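Here is a short tour of one protein chain, moving from its strands to its helices and then to two individual residues. Keep the viewer open and follow along.

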Amino acid sequence: MPATTTARLTLGVRLNGTEERPTGPPHPPAPPDPHAYPFHEFLATELERGRLDALLVPELLHPTGPIGLRGGPPALEATTLLAALAGATDRLGIAVTTTATAAHADTLAHRLAALDVLSAGRTGWQPHTPAHPGHEEPEEDALRCKHTGELIDTLHTLWDAANRHLPAAPPPLPQGRPVLFHTATTPAERSLAARHADVVLTGRHPLDEARARYDDLKTEAASHGRLPDDLLIWSELTPQVTTRPAGRGPARHRGDVLTGTPAQLADHMEERFERRACDGFVLSFPALPAPLVDFVDQVVPELWRRGLFPNDYASSTLRGNLGLPSRTTPTGALHA
């Protein structure tokens, strides 16, 4: 297995837009309206209180009711929402999933550059191309990933031009390029992620399979001339803190949800990290805000005590906090 010097867990939280949310009378500390902007600001500030690295949101964030049905006010457009959250937070990374097409490359480059400036270097993005993994032919998947790779190359060229202050380029980005998140579900996606991604999202897998995928991704990245720590591999995890001990032994799965005491959940995360099944986790929560607040209040301090996760941010940029290489140039970096 390629050597790695990753010294600590990295953690992000993904909002899916389908989480159960509270209704009826407000229950502190949540804001009274779970569909309004203050609710999203509350979630972001809670994550920053726990020193988590990043918040990932879908392109359109649909308000949902107590049974996960879409409804209520119109969906929030992600980059607009994140621009507001950039002003409400100081260190939390903010990442958006966005439709990735060559026709919108220039617009996308400018939009993400502006968000990186507004957030002082805390922006990430995840390209989305319409597809149904498992329901398309491998040739179609390969072609889709080829087009996504070409778009990424185009955006990197535009951002590099911005950092050199070339005419008509986007504004210079504080961290050079936004952090690139990418899934690795299909073979073509894994190849694309190994070449380009800063953070690879690998889904949920048994320990041995996760370790094999980790090894394969790091090895393939090396074939592109990348160092092992040039990319992070995140497993998906939906944790729920139990109110009473779950007995001896590990935390228990209930469907996709892993339930356990703070120590049991920390045990699970520590084992995956120490055995090189992942460099960190992208967390999701079945309901908001209580399970998220419980994780910040109870699991994060346990990770702090074990020395697995820092109790303060190391940098003002998302790249810096994730331990990723800087993409700034000597003459092109703008530090807000």
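## Strand S1 and its partners

Strand S1, residues 10-14, is mostly covered, with five of its five residues buried. The model you are looking at is predicted, so a word on confidence follows further down. The side chains of S1 split into two sets: Thr 10, Gly 12 and Arg 14 point one way, Leu 11 and Val 13 point the other way, and all are buried. In a regular strand the side chains alternate between the two faces of the sheet.

S1 has a parallel pairing with strand S12 (residues 280-283), made over four bridges. Within that pairing, Val 13 has Leu 283 of S12 as its bridge partner. S1 also pairs in the parallel sense with strand S2 (residues 54-57), here over three bridges. Val 13 takes part again, standing opposite Leu 55 in S2.

## From S2 through S5 to S6

Starting from Leu 55, you can step on to further strands. S2 and S5 are parallel partners over four bridges, and Leu 55 has Ile 94 as its bridge partner in S5. S5 in turn runs parallel to S6, and six bridges join the two. Ile 94 stands opposite Thr 123 in S6.

How much of S5 is covered? S5 is mostly covered, as six of its seven residues are buried.

## Helix H2

Turn next to helix H2, where the buried residues are Ala 78, Thr 79, Leu 81, Leu 82, Leu 85 and Ala 86. These residues lie on the same side of H2, because they cover an arc of only 150° around the axis. Thr 80 and Gly 87, by contrast, are exposed on the other side of H2.

What do the buried residues of H2 pack against? Their partners are helix H1 (37-49), S2, strand S3 (60-61), strand S4 (76-77), S5 and H3.

## Helix H3

Helix H3 covers residues 105-118, which makes 14 residues. At 1.5 Å a residue H3 should span 20 Å, and its end C-alpha atoms are 20 Å apart, so the two values agree. The buried residues of H3 are Ala 105, Leu 108, Ala 109, Leu 112, Ala 113, Leu 115 and Asp 116. They sit on the same side of H3, because the arc they cover around the axis is only 160°.

The buried residues of H3 pack against helix H2 (78-88), strand S5 (93-99), strand S6 (123-128) and helix H4 (138-163). Just after H3 comes Ala 120, which takes a positive phi of about 60°.

## Glu 189 in helix H5

Glu 189 belongs to helix H5, residues 187-196. Is this residue, Glu 189, buried or exposed? Its relative accessibility is 5%, so Glu 189 counts as buried.

Which side chains make polar contacts with that of Glu 189? One is the side chain of Arg 144, at 3.5 Å, and another is the side chain of Thr 183, also at 3.5 Å. Leaving aside neighbours within four places in sequence, Glu 189 is in contact with Asp 141, Arg 144, Cys 145, His 182, Thr 183 and Ala 184.

## Phe 295 in helix H8

Phe 295 has its place in helix H8, residues 290-305. Phe 295 counts as buried because its relative accessible area is 1%, and the cut-off for buried is under 20%.

Not counting residues up to four places away in sequence, Phe 295 touches Pro 239, Val 241, Met 269, Leu 283, Phe 285 and Val 300. Leu 283 in that list is also the bridge partner of Val 13 in the S1 and S12 pairing. The C-alpha atoms of Phe 295 and Pro 262 are separated by 7.8 Å, and these two residues are 33 residues apart along the chain.

## How confident is the prediction?

The protein chain averages a pLDDT of 87, and 85% of the residues score at least 70. Over residues 1-5 the pLDDT is below 50, and beyond near neighbours in sequence this stretch has 13 contacts in the model. Residues 65-70 also have a pLDDT below 50, with 12 contacts in the model beyond near neighbours in sequence. Where pLDDT is low, the predicted coordinates should not be read in detail.

Methods: Residues are numbered from 1 along each chain as its sequence is written. This is a predicted model: local features need pLDDT of at least 70, side-chain atom pairs count only at pLDDT 80 or more; totals for chains, interfaces and linings use all residues. Side-chain values use heavy atoms; hydrogens and water are left out. Buried means under 20% relative accessible area, exposed over 50%, partly exposed in between (1.4 Å probe, protein chains only). A polar contact is a pair of N or O atoms within 3.5 Å; within protein, one must be able to donate a hydrogen and the other to accept it, and residues adjacent in sequence count only if both atoms are side-chain atoms. Contact means heavy atoms within 4.5 Å. The expected span of a helix is 1.5 Å times one less than its number of residues. The arc is that of the directions from the helix axis to the C-beta atoms. Two strands pair if DSSP finds at least two bridges between them. pLDDT is the predictor's confidence in each residue, from 0 to 100.
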